[in-house]
Amino acid sequence: PGTLHVVATPIGNLGDLSPRALDTLRSVAAVCAEDTRHTRQLLSHFGLERPLLALHQHNEDAQAAQLVARLLAGESLALVSDAGTPLVSDPGYRLVGAARAAGVRVSPVPGACAAIAALSVAGLPSDRFVFEGFLPAKGSGRRERLSRVAGETRTLLFYESAHRIEEALADMALVFGAARRAVIARELTKLFETVLDGSLADLQARVAGDPDQRKGEFVVIVEGAGEDADAKIAEGQRLYAKLSEYLK
Ligand code: SAM
């Protein structure tokens, strides 16, 4: 059988598409994409033209069977999503599951992932973390979901969109407490990349006070519960670092 290559694409900066990702995309019989128009643009930016197959939430089950048949017949395929790593808040797990169940080799071409990129610059404990993806769109559902992780001691990662960032921060401050530390990573790898840190109350005020901070794509990272001692030590170290700049 062929191989299903799961290929990460950039989350903004096209320079993040790896040479191996390009080689892989060039070599496969077809590329399964979430939005074929979007992926066609990406490929043509790199001078590539491949047959594209749509694989999204609504047709994934039906498509998966056909794609697995092609893989079993010996064709290799690539799976990409619109941005970052497929399957991470994106379609693909049904296809990957079906391919694995059929004994097809599934191989990753790793690359950008917004959650991991944000975690890597957040400066919050990163040895153990929980990816919560998107919160429910409705207020009550969102607060319910937040309540369920309010006591979680590991660092929490959320995806958020521009039109809900303010409400999400307000609900986080409400459920987790306004003093909980958090980081907002916005537009990573893009022109207006910003990483803000502070208490949830701070961040809420900064986002409310600056319309620019409500534009684009967001990862919100929230410190876990009950790590008070660690948080105080980190705060102390932060202050010390600032002070020592002045004392130089
Ligand atoms: N599969 C993607 C990944 O690996 O990151 C995530 C896809 S999900 C549909 C899109 C969400 O990811 C956005 O709403 C935002 O929360 C986050 N995201 C994507 N690109 C981002 C970026 N450049 N900066 C910050 N967040 C981003």
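**Close-up 1. The shell around the ligand.** In this predicted model, 24 residues surround the ligand, a residue being near if its C-beta atom, placed from the backbone, lies within 6 Å. The closest are G84, A114, Y159, L188 and E217. Helix α5 (114–122) and strands β7 (155–161), β8 (181–186) and β10 (217–222) each supply at least two shell residues. Helices (H or I, at least four residues) and strands (E, at least two) are DSSP runs, numbered from the N terminus. By class, the shell has 11 nonpolar, seven polar and six charged residues. Ala, Val, Leu, Ile, Met, Phe, Trp, Tyr, Cys and Pro count as nonpolar, Asp, Glu, Lys and Arg as charged, and the others, Gly among them, as polar.

Residues are numbered from 1 along each chain as its sequence is written. Local features need pLDDT of at least 70, side-chain atom pairs count only at pLDDT 80 or more, and totals for chains, interfaces and linings use all residues.

**Close-up 2. The five-stranded open sheet.** The strand order is β3-β2-β4-β1-β5, with parallel pairing; two strands pair if DSSP finds at least two bridges between them. β3 (52–54) and β5 (105–109) stand at the edges, each with a single partner, so one side of each has no neighbour in the sheet.

**Close-up 3. Strands β2 and β3.** β2 (residues 30–33) pairs with β3 in the parallel sense over three bridges. Here A33 stands opposite A54 of β3.

**Close-up 4. Helix α3 beside helix α4.** α3 (residues 60–72) passes α4 (residues 93–101) in a right-handed crossing, with the near helix turned clockwise from the far one by less than a right angle.

Methods:
Axes are lines fitted to C-alpha atoms, for helices over the stretch in contact, and angles run from 0 to 180 degrees between N-to-C directions.
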